Amino acid sequence: ESSDDSNGKSKSKKETFNPLQSSSDAATSPSSATPISQWDTTNPPEVMKAVLAFMYTGATLETYGAVNMRKLYQVASEYQLNALCQLCEQWCVAKISVNNFRDMVYLAHLHTAKKLKEACYQFAK
């Protein structure tokens, strides 16, 4: 398939949208993009799978199973996935306990999570 750019020239969809290319690579062929398998990340694979599942399917937190929600919250915040941040915040609010209270307060501060901060305050009363 093809589309017209602002100059009226026809471009293939691969040329007009390739998120793996930086702006400096725009003039090169799509085959020069870095394959996903070569991306480096320090995030656990199950967390990145959960992020991708949310991005592509809108999966809810129940779908993620045993994923480290605190790490998922951190990654969602890093990639500015606000809807996922809200889901993670809701999960954290529901899971506050004596054992994780300190971590939850830290997360509330780190992510400026007002609902989580309020829930921590209420839990401490």
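Here are some worked exercises on the predicted model shown above.

**Exercise 1. The overall plan**

Work out how many helices and strands the protein chain has, and in which pattern they follow one another.

*Solution.* Start by counting elements: the secondary structure of the protein chain comes to six helices and two strands. Next, read along the sequence, where the pattern is β-β-α-α-α-α-α-α. Then turn to burial: of the 125 residues in the protein chain, 28% are buried. Finish with the contacts between residues at least 6 apart in sequence; 36% of these join residues at least 24 apart.

**Exercise 2. A residue in α2**

Decide whether M48 is buried or exposed, and find its contacts beyond the neighbours within four places in sequence.

*Solution.* First place the residue: M48 belongs to helix α2, which covers residues 45-57. Now apply the cut-off for burial, which is under 20% relative accessible area. M48 has a relative accessible area of 19%, so M48 is buried. For the contacts, set aside the neighbours within four places in sequence; M48 then touches T41, N43, V75 and Y79. As a last step, take K71, which is 23 residues away from M48 along the chain: the two C-alpha atoms are separated by 9.8 Å.

**Exercise 3. Two helices side by side**

Describe how α5 and α6 pack, and say which residues meet.

*Solution.* Begin with the geometry. Helix α5 spans residues 101-110, and its axis lies 8 Å from that of α6, at an angle of about 150°. The crossing of α5 and α6 is left-handed. Now list the partners: α5 brings F101, M104, V105, L107 and A108, while α6 brings L116, K117, C120, F123 and A124. Sorting this contact by class gives nine nonpolar residues, no polar ones and one charged.

**Exercise 4. Positive phi in the loops**

Find where Q80 and T112 sit, what their phi values are, and whether each is buried or exposed.

*Solution.* Take Q80 to start with. Q80 is in the loop between α3 and α4. Its phi is near 55°, a positive value in a residue other than glycine. The cut-off for an exposed residue is over 50% relative accessible area; Q80 has 64%, so Q80 is exposed.

Now do T112 in turn. T112 lies in the loop between α5 and α6. T112 is not a glycine, yet its phi is positive, at about 40°. With 69% relative accessibility, T112 counts as exposed.

**Exercise 5. The second largest pocket**

Describe the second largest pocket: its volume, the residues that line it, and the helices that supply them.

*Solution.* Volume comes first: the second largest pocket holds about 170 Å³ of space. Its lining has 14 residues, and Y73, N82, C85, H111 and T112 are the ones that lie nearest the centre. T112 may look familiar, as it is the exposed loop residue from the previous exercise.

Then trace the lining back to the helices. At least two residues come from each of α3 (69-78), α4 (82-94) and α6 (114-124). The most comes from α4, with four residues. Lastly, divide the lining by class: five residues are nonpolar, six are polar and three are charged.

**Exercise 6. A loop residue and α6**

Say where V98 lies, whether V98 is buried or exposed, and how far its C-alpha atom is from that of A124.

*Solution.* V98 is in the loop between α4 and α5. At 70% relative accessibility, V98 is above the 50% cut-off and therefore counts as exposed. A124 is 26 residues away along the chain, and the C-alpha atoms of V98 and A124 are separated by 9.2 Å. You have met A124 already, among the α6 residues that meet α5.

Conventions. Residues numbered from 1 in each chain as written. Predicted model: local features only at pLDDT ≥ 70, side-chain atom pairs only at ≥ 80, totals over all residues. Heavy atoms only, no water. 1 Å grid on protein atoms, 1.4 Å probe; cavity = no way out; pocket = protein on both sides within 12 Å on 5 of 7 lines; lining within 4 Å. Points joined across faces, edges and corners; volume = space filled by probe spheres on them. Nonpolar A, V, L, I, M, F, W, Y, C, P; charged D, E, K, R; others polar. Buried < 20%, exposed > 50% of the residue type's maximum accessible area, 1.4 Å probe, protein only. Contact = heavy atoms within 4.5 Å. Axes fitted to C-alpha atoms, helices over the stretch in contact; angles between N-to-C directions. Left-handed = near helix turned anticlockwise from the far one by under 90°.
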